[in-house]
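Subject: Structure handover

Hello,

Here is the structure I said I would pass on. My notes on what was found in it follow below.

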Amino acid sequence: MEMSQIDGRMEGWLYTIRHNRFGLQFSRKRYFVLQDNNLTSFKSVPSDQNEEPDRRASLDCCIRVTDNGRESFFNRKILFIFTLYNTSNHLDQLKLGASSPEEAAKWIRSLQDASQKKFPFPDCEFVSHAEKGLVKFNVSRRSRRKNSVDWTNYSSVNVETIAPDVIAPSPWKIFGCQNGLRLFKEAKDWDSRGRHWDDHPAIMAVGVIDGTSEDIFNTLMSLGPLRSEWDFCFYKGSVVEHLDGHTDIVNIQLYSDWLPWLMNRRDVLLRRYWRREEDGTYVILCHSVYHKKCPPTKGYVRACVKSGGYVVTPVNKGKQSLVKHMVAIDWRSWNLYMRPSSERSITIRVVERLAALREMFKAKQGHGFAEFVSGEFMQTKSSLSKINTMPFKKEAKRFDLDLVKVEEMEKPSSARNSLMDLNDASDEFFDVPEPNESYEFDSLIDNSPFSQGHSQLKLPSPSGIVKKLQDLANNKKGYMDLQEVGMDVNSTFIYGATLQQDPNLTMPCSWSIADPSTFLIRGDNYLNDHQKVKANGTMMQMVGADWISSDKREDDLGGRLGGLVQEFAAKGGPEFFFIVNMQVPGSAMISLALYYMLKTPLEEHPLLHSFVNGDDAYRNSRFKLIPHISKGSWIVKQSVGKKACLVGHALEVRYTRGKNYLELDIDVGSSTVARGVTNLVLGYLNNLVIEMAFLIQANTAEELPELLLGTCRLNYLDVSKSLKER
C-alpha cells in the first residue's frame, strides 16, 4: 500500500472500517490526503492538488487518535486499525485501517500533529469543538477519474532507539554464547554474579537479524504452516479468541521429536499481547492462561509459560533488527524423571529458535514475508463468521449506532459531523479493487484450508448470526489469568488515607516516596543538546494514597467530604493539592489515587500555575508520567517500559479544579494498548514494586529546567485488599 509524506502533506490508501446493522465489520478502500489540519478522501488517486474531494473534515485539538491494533477480515486482509474521535461527541468518529503497522503508525503520528495545529483552514470559518463541534463542510460529489500518479515511497521515520527516562541496573547476566546468540539468565537481587539457577529460570537469547522490524514482527505473529521454516518447536497453532487488536488467546502445539526421549508432547495456551513503540520497536509478550474453549488436549501435557516474548528493535537505519527472545517456562515434568538442569536445557533450546529465524531471513533476503500474515489468518480456529463479528465485541454498546447513521443520512450534509461524513455512508457498496484481486473469490474459497475435506464452505445461518451477536453483546470473558485474584469488601475509610504508608519500603500493599534521582528530566540546556539529567528533588510532597474498588468510576475524590483535601480546605490554609487518580476497568473499577501537596503559594511556580488554570488541551499537551518497575518479572518490565509519556495524548483525562486542588481522573481503559498493559500488570501485581514520577513538560528556555511534581513507590499491591466503595 503506497503512501507519500512530502512537505507536511500525508497521502495514501487507507480502508474505512464500518459495521452494518448486524454487527458485521467491513472495509472500503479510499485514498486519503492530510494537508495541514484538513483531511480529505477520494475514490481514486487525485490527478492534481486542486481536485475536489469526495469527503473532507477539519481536525482541531479536540480530535483524538487511538490505536486499535490488528484485525482480520473476511477477504483475508489483515489491517492495522486506528480511530479518530471527537472528545466532545464520541459518536462522531472515523475508524481507518492501514495495510501495515508502519503505515498505521505514521498516519497516527501525522493525525495527532495535525489535530494540535492552532490555525484554521484558509477557506473556511474555524469553529471550536467546545461551541459547535467539528468544522462542517458541504459534501461534494465527484466523478471517478482514470488518471493515476506514481507516488514515491514515503520517507522513513527515525528508527534510532529511544533512550529510557529511568536509571536502573540490568538484572540479566550472560552465561554463554551459542549459534551466534548471546545467552542471558535473569539473576536475583542477591545473586550479583548470576550463579544461582532457579527451577524454572528466565532465559534470554539476543541476536541481530538482517530484516526490518516490521517483517520480523509479522513473521513472529504468524501461526501459519510456513512458521515451520524457522520454528523447529512449532507443530500447529491457532487463535482461540481475539480479545482486541492488541491481544488474543493462542494455542500452540509443539513437536515432540526435539524433546527428550519418553517426554510426552507439550502444548501451551497463551495470552498474547503486542505493541509498537515510537522508535519502531515491536514488543510481543505472552503468558499462560486458562480458557474454557480450549481445555488440555488428550495426548498433550500443558506447559506453563510464566513469562515470555520478543523485543524487536530496528538498528542500522532500519536495515537490521536487534531481537531479544525471552522465556520462563515450567515444563510440568516429573522431578524424579527430569532434573532441573534438563528442563533448563530444553528452555535454552527454545530460545535458540532465534538463530533459525536469523538464518531464514538471511536466505530470504527480506522478501516473501506477506505469506506469513495470510497463513495465520487461515489457521485460526474461529469460523469466518466469528472473524467478521469479533471486532463487534468491543463495541457492543453501539447497537443503535447504525440507526443513528440512518437518521443522519436523511439530513442535509451540513447537519452531520464531519468525521461521520468521511464514513461514506451513501456509497458503502463501492470499493476500490485491489491490484492483486484478479482471481475469482470462488477459487479463493476452493483453495482455502477451510474448504479442505468439505464440498462447500458453510456460511452461518441467520439464527446463528443472532446467537453470535447475543454472545458478543454479553461480552463474557472466556479466559482467566492464572494469577486471578478476588476482592474484599470494606466501607468505612477516609479519602487520601486508604493505602498505608511505609517509609521502610518493606510492608506489602503500601506506598512510599521513590528516589527522584532514578528519573531523567530535561535540564537547562535541553533545547540545545537534547540531553536529560537526573532529577534532584520534587516540587510537591506526597501525603497520601487511595486504593479503592467500585462498581463505577470514582471521580473527584478531592471534593469528597471528610477526605484529606477537604480537611485542609476547611482550615483555610495556603496548601494546594495535586491528585492523580488512575482508574482501571475490570470486573470492578479500581482507583489508585495519589495525593501531592504544595506548601508554598501556587503563584510562585509559573509552569504549575499555568497548568492548573489552563484549558484541557494545554494540560493534555504537558502532563507526563515516567513509569518504572523496579522489582518484577521481565514480561511486566517490558510491558510498562521506562519512557515518559504525555498521558493526555494516550488516555482520556477528566480535570476537576477545586478550591484548593486539581484532580486528574485518568481512564486507563480508554486505550486498547494501555488496557492490555494494565491487564497484564494486574496478573502479577502482588509481586511488583512500581515506581512513578509526574511532571509538567517544559518546552521553552524560560520553563527549563524541569522539576518533578512528585514521585511514588507502590509496594506489592493486592487487589483483594482494595477498599470497596458503596
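Lysine 532 is partly exposed, because its relative accessibility of 24% lies between the 20% and 50% cut-offs. This is a predicted model, and that applies to everything below. Lysine 532 forms a salt bridge with aspartate 165, and the closest N and O atoms are 3.0 Å apart. The two residues come from distant parts of the chain, 367 residues apart: lysine 532 sits in strand β23 (residues 532-534), while aspartate 165 is in the loop between α2 (129-132) and β9 (172-178). Aspartate 165 has a relative accessible area of 2%, so it counts as buried.

Another salt bridge joins aspartate 551 to lysine 724, again with 3.0 Å between the closest N and O atoms. This pair also links distant parts of the chain, with the two positions 173 residues apart: aspartate 551 belongs to the loop between β24 and α13, and lysine 724 to strand β33 (residues 723-724). Which partner is buried and which is exposed? Aspartate 551 is exposed, at a relative accessible area of 67%. Lysine 724, at 16% relative accessibility, is buried.

Arginine 713 and glutamate 691 also meet through their side chains in a salt bridge, at 3.2 Å from N to O. Arginine 713 lies in strand β32 (residues 708-715) and glutamate 691 in strand β31 (residues 689-696), 22 residues apart. Both residues of this pair, arginine 713 and glutamate 691, are buried.

There is also a network of salt bridges, which links Arg553, Asp555, Arg654 and Asp667. The count of salt bridges comes to 26. As background, side chains of opposite charge can pair when their charged atoms come close.

On cysteines: how many disulfides does the structure hold? The number is zero. A disulfide is a covalent bond between the sulfur atoms of two cysteines. Cysteine 294 is buried, with a relative accessible area of 3%. Cysteine 509 is buried as well, at 6%.

Two helices are worth a note.

The first to look at is α13, which covers residues 564-571 and has Leu564, Val565 and Ala569 as buried residues. Viewed down the axis of α13, these buried residues fall within an arc of 135 degrees, so they line one face of the helix. The face turned away from that buried side carries Ala570 and Lys571, which are exposed. What lies over the buried residues of α13? The cover includes four strands: β24 (541-550), β25 (576-584), β26 (589-598) and β30 (661-667). Just past the end of α13, glycine 572 has a positive phi of about 75 degrees.

The other is helix α5, with 12 residues (353-364). At 1.5 Å a residue α5 should span 16 Å, and its end C-alpha atoms are 17 Å apart, which agrees. Its buried residues are Arg353, Leu354, Ala355, Leu357, Arg358, Met360 and Phe361. Just after α5 comes glutamine 365, which takes a positive phi of about 55 degrees.

That is what I have for now.

Regards

Notes. Residues numbered from 1 in each chain as written. Predicted model: local features only at pLDDT ≥ 70, side-chain atom pairs only at ≥ 80, totals over all residues. Heavy atoms only, no water. Buried < 20%, exposed > 50% of the residue type's maximum accessible area, 1.4 Å probe, protein only. Arc of directions from axis to C-beta. Contact = heavy atoms within 4.5 Å. Expected span 1.5 Å × (residues − 1). Disulfide = S-S within 2.5 Å. Salt bridge = Lys/Arg side-chain N within 4 Å of Asp/Glu carboxyl O.
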